[in-house]
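Reader: I'd like a close look at one part of this protein: the salt bridges. Could you walk me through them, one pair at a time?

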Amino acid sequence: MATNNNAPQGNKNQLQIQLKPEIADGKYSNLAMIGHGPNEFLIDFIFAAPGMPQAPVVSRIVMTPENAKQLMFALTDNVNKYESMFGEIKQRAPKGSMPPMGNN
């Protein structure tokens with residue numbers, strides 16, 4: 001397993017993030033479906049290929065409501081930083097495209 005070697009060794013409360021090689025390559029997703037219940041949020045990351053009748057879920061993440069809200073803030077912060085460096089992210093939705101990411 002890969003370990004974050006940049007973490008200070010003197011801080012016992014420092015969380016060491018481990019990234020397994022089989023996860024490090026990541027999964028490509030161009031669609032997400034989000035659902036929730038009283039105790040959790042579910043995010044299904046999906047790969048939808050043009051012209052294909054089925055779209056597989058490549059990963060499902062289950063989070064507490066508190067962690068989902070932290071993720072929302074972190075994504076907002078990172079999108080703002082990205083746009084300040086590279087310009088506004090344009091949302092393209094040509095005819096016949098996949099539905100926008102959102103609630104299922």
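Author: Here is a walk through the salt bridges, with a little background to begin.

This is a predicted model, so local features need pLDDT of at least 70 and side-chain atom pairs count only at pLDDT 80 or more, while totals for chains, interfaces and linings use all residues. Residues are numbered from 1 along each chain as its sequence is written, and side-chain values use heavy atoms, with hydrogens and water left out.

The protein has 2 helices and 6 strands, in the order β-β-α-β-β-β-α-β along the sequence. Those labels are DSSP runs numbered from the N terminus: helices are H or I with at least four residues, strands are E with at least two.

Searching the whole structure turns up 3 salt bridges. The term stands for a side-chain nitrogen of Lys or Arg within 4 Å of a carboxyl oxygen of Asp or Glu.

Let's start with D44 and R60, whose side chains meet at 2.6 Å, N to O. D44 sits in strand β4 (residues 41-46) and R60 in strand β5, so this pair ties together parts that are 16 residues apart in sequence. D44 is buried, at 10% relative accessible area, whereas R60 is exposed at 51%. (Buried is under 20% relative accessible area, exposed is over 50%, and partly exposed is in between, with a 1.4 Å probe and protein chains only.)

D44 also has company from V57, which is in strand β5 (residues 57-63). Their C-alpha atoms are 6.2 Å apart, although 13 residues separate the two in sequence. Leaving aside residues up to four places away in sequence, V57 touches D44, F45 and I46; a contact here means heavy atoms within 4.5 Å. V57 itself is partly exposed, with a relative accessible area of 46%.

Next up is D77 with K81, where the closest N and O atoms are 3.0 Å apart. The two are 4 residues apart in helix α2, which puts about one helical turn between them. D77 is partly exposed at 36% relative accessible area, and K81 is partly exposed too, at 47%. Helix α2 (residues 65-86) is also where you'll find Y82, which is partly exposed at 43% relative accessibility.

That leaves K90 and E88, with their side chains meeting at 3.9 Å, N to O. K90 is exposed, with a relative accessible area of 56%, and E88 is exposed as well, at 58%.
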